[in-house]
Amino acid sequence: MKTQRLLAIASMGSMLGLMTSCAPMSPYQTVDSPALRKTVQNARTRSDHDALTRYFENLAKEMGERAEEQKKLLQHYQEKSYLYGRRAQDQQSHTWALMVRYEQAAKTSLSKAASHREIAAKLKQEGNTDSGHKTAEAHAGARSQNN
């Protein structure tokens, strides 16, 4: 009886840990997540860098869209501040801060995409599509700029 209870508690604890590790981060935090940093560090081939380029471009697009949404919301709060009373300024400043964060995340993502596109182009020039191990060290400096 006690072992079943102990087993149930342990399984609940492990499920909670799994759910916490899989919990979605806010999108502007994914630009600099530990998992993404590890993926960037392990990128060796041209296809790895192409995939990272696509990922960062998609992330930049999403961040740009979210920044636009916040910009429209900010405009609404500024035009209709009388509807929100004392909270109007708080909502405006919060929305402005989110907009700036999303814009910065979009810029960061675009610069990272450009860097990975450049690395992939160099690997293509050198003819290393799948075995980029010897050139990975040569491009380590460029990858370290992405972190």
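What percentage of the 147 residues of the protein count as buried? The share is 29%, where buried means under 20% relative accessible area, exposed means over 50%, and partly exposed lies in between (1.4 Å probe, protein chains only). Before we look closer, please note that this is a predicted model, in which local features need pLDDT of at least 70 and side-chain atom pairs count only at pLDDT 80 or more, while totals for chains, interfaces and linings use all residues. Residues are numbered from 1 along each chain as its sequence is written, and side-chain values use heavy atoms, with hydrogens and water left out.

**View 1. The whole protein has 7 helices and 0 strands.** Helices (H or I, at least four residues) and strands (E, at least two) are DSSP runs, numbered from the N terminus. Read from that end, the elements run α-α-α-α-α-α-α. A contact means heavy atoms within 4.5 Å. Among contacts between residues at least 6 apart in sequence, 70% join residues at least 24 apart. The protein exposes about 10200 Å², and carbon and sulfur atoms supply 55% of that area. Accessible areas come from the Shrake-Rupley method with a 1.4 Å probe, and for residues only the protein chains shown count as cover.

**View 2. Here are helices α4 and α5, with their lengths checked.** The expected span of a helix is 1.5 Å times one less than its number of residues. For the 34 residues of α4 this gives 50 Å, and the end C-alpha atoms are 49 Å apart, which agrees. Helix α5 (residues 88–125) has 38 residues and should span 56 Å; its end C-alpha atoms are 55 Å apart, so the two values agree here too. After α5 comes Gly127, whose phi is positive, near 80°.

**View 3. His49 of helix α4 meets His116.** Helix α4 covers residues 46–79, and His49 is found in it. With a relative accessible area of 0%, His49 is buried. Its side chain makes a polar contact with the side chain of His116, at 3.0 Å. A polar contact is a pair of N or O atoms within 3.5 Å; within protein, one must be able to donate a hydrogen and the other to accept it, and residues adjacent in sequence count only if both atoms are side-chain atoms. His116 also has a C-alpha 9.6 Å from that of Ala43, although Ala43 and His116 are 73 residues apart in sequence. Ala43 lies in the loop between α3 (34–42) and α4. At 3% relative accessibility, Ala43 counts as buried.

**View 4. Gln70 is another buried residue of α4.** Which residues does Gln70 contact, leaving aside its neighbours within four places in sequence? They are Thr95, Leu98, Met99 and Tyr102. The relative accessible area of Gln70 is 13%, so Gln70 is buried. The list of buried residues in α4 also includes Thr53, Leu74 and Tyr77.

**View 5. The largest nonpolar core has 7 residues.** A nonpolar core is a set of buried Ala, Val, Leu, Ile, Met, Phe, Trp, Tyr and Cys residues joined through side-chain atoms within 4.5 Å. The members of this one are Leu59, Met63, Ala67, Leu98, Tyr102, Ala105 and Ala106. Helices α4 and α5 each supply at least two residues of this core, and α5 gives the most, with 4 residues. Apart from this core lies another, of 6 residues, among them Val40, Ala43, Leu52 and Ala113.

**View 6. The structure holds 2 aromatic pairs.** In one of them, the rings of Tyr55 and Phe56 have their centres 5.5 Å apart and their planes at 70°, so the pair is edge-to-face. Rings of Phe, Tyr and Trp (its six-membered ring) pair if their centres lie within 6.5 Å; planes under 30 degrees apart count as stacked, over 60 as edge-to-face and the rest as tilted. Tyr55, at 34% relative accessibility, counts as partly exposed, whereas Phe56 is buried, with a relative accessible area of 1%. The rings of Tyr77 and Tyr84 have their centres 5.0 Å apart and their planes at 90°, so this pair is edge-to-face. Tyr77 counts as buried at 12% relative accessibility, while Tyr84 counts as partly exposed at 22%.

**View 7. Tyr84 is found in the loop between α4 and α5.** Not counting residues up to four places away in sequence, Tyr84 touches His76, Tyr77 and Gln91.
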